[in-house]
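User: I would like to learn how to read a helix and its buried residues in a model such as this one. Could you take me through it step by step?

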Amino acid sequence: MDDKELRELIGKVRDRPGLYGLDGTYYPTVTFLMGLDMGRSGRLLDGFTEWLLRRKGEESSLGWQALTLEEAFPDAGIRHWGALTKDQQQLAVDRLFSLLLDFLDERDSA
């Protein structure tokens, strides 16, 4: 699967999570992306955490899973998906996909 096909797959998962066994909530989506990353020997998400940190202009020991929640809810202090309401779940998933696709576009154009 080349990078274009991978981005298309991520877009399809974003648009129709149920077709991929997902319920549209944050934790299963993160788990799916981690599995996809493992299937690509860590090359899908390679540099994602560092990219998120550069955007923030900060250092942190948090992983991309928590950093994307901070991006989705900057003033709420939410760093764990267990604290999300149903509406927040969808917002978090939308933000995760948006950030991931932006990252892939930027990484691949460099």
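Analyst: This is a predicted model, and a good place to begin is the packing of helix 2, whose buried residues lie against helix 1 (3-15), helix 4 (64-72) and helix 5 (86-109).

User: Before the packing, what should the 14 residues of helix 2 span, and how far apart are its end C-alpha atoms?

Analyst: The general idea is to take 1.5 Å times one less than the number of residues as the expected span of a helix. For helix 2, residues 26-39, that gives 20 Å, and because the end C-alpha atoms are 20 Å apart, the expectation and the model agree.

User: Which residues of helix 2 are buried?

Analyst: A residue counts as buried when its relative accessible area is under 20%, and as exposed when that value is over 50%. By this reading Y26, T29, V30, L33, L36 and D37 are the buried residues of helix 2. They cover an arc of only 125 degrees around the axis, and therefore they are on the same side of helix 2. The face turned away from that buried side carries M38 and G39, which are exposed.

User: What follows helix 2 in the chain?

Analyst: Helix 2 is followed by S41, a residue whose phi is positive, near 55 degrees.

User: How should I read a single buried position, and what is T29 in contact with once its neighbours within four places in sequence are left aside?

Analyst: One asks about accessibility and then about partners. T29, in helix 2, has 2% relative accessibility and so counts as buried; leaving aside neighbours within four places in sequence, its contacts are L22, G24, V93, L96 and F97.

User: Where does L96 lie, and is it buried or exposed?

Analyst: L96 belongs to helix 5 and is buried, because its relative accessible area is 0%. With neighbours within four places in sequence again set aside, L96 is in contact with Y26, T29, V30, L33, F48, W64 and T68. As for separation along the chain and in space, L96 and K12 are 84 residues apart in the chain, while their C-alpha atoms are separated by 14 Å.

User: Why does T49 count as buried?

Analyst: The cut-off for buried is under 20%, and T49 counts as buried because its relative accessibility is 17%. T49 lies in helix 3, residues 48-56, and, apart from neighbours within four places in sequence, it is in contact with L62, G63, W64 and L67.

Conventions: Residues are numbered from 1 along each chain as its sequence is written. This is a predicted model: local features need pLDDT of at least 70, side-chain atom pairs count only at pLDDT 80 or more; totals for chains, interfaces and linings use all residues. Side-chain values use heavy atoms; hydrogens and water are left out. Helices (H or I, at least four residues) and strands (E, at least two) are DSSP runs, numbered from the N terminus. Buried means under 20% relative accessible area, exposed over 50%, partly exposed in between (1.4 Å probe, protein chains only). The arc is that of the directions from the helix axis to the C-beta atoms. Contact means heavy atoms within 4.5 Å.
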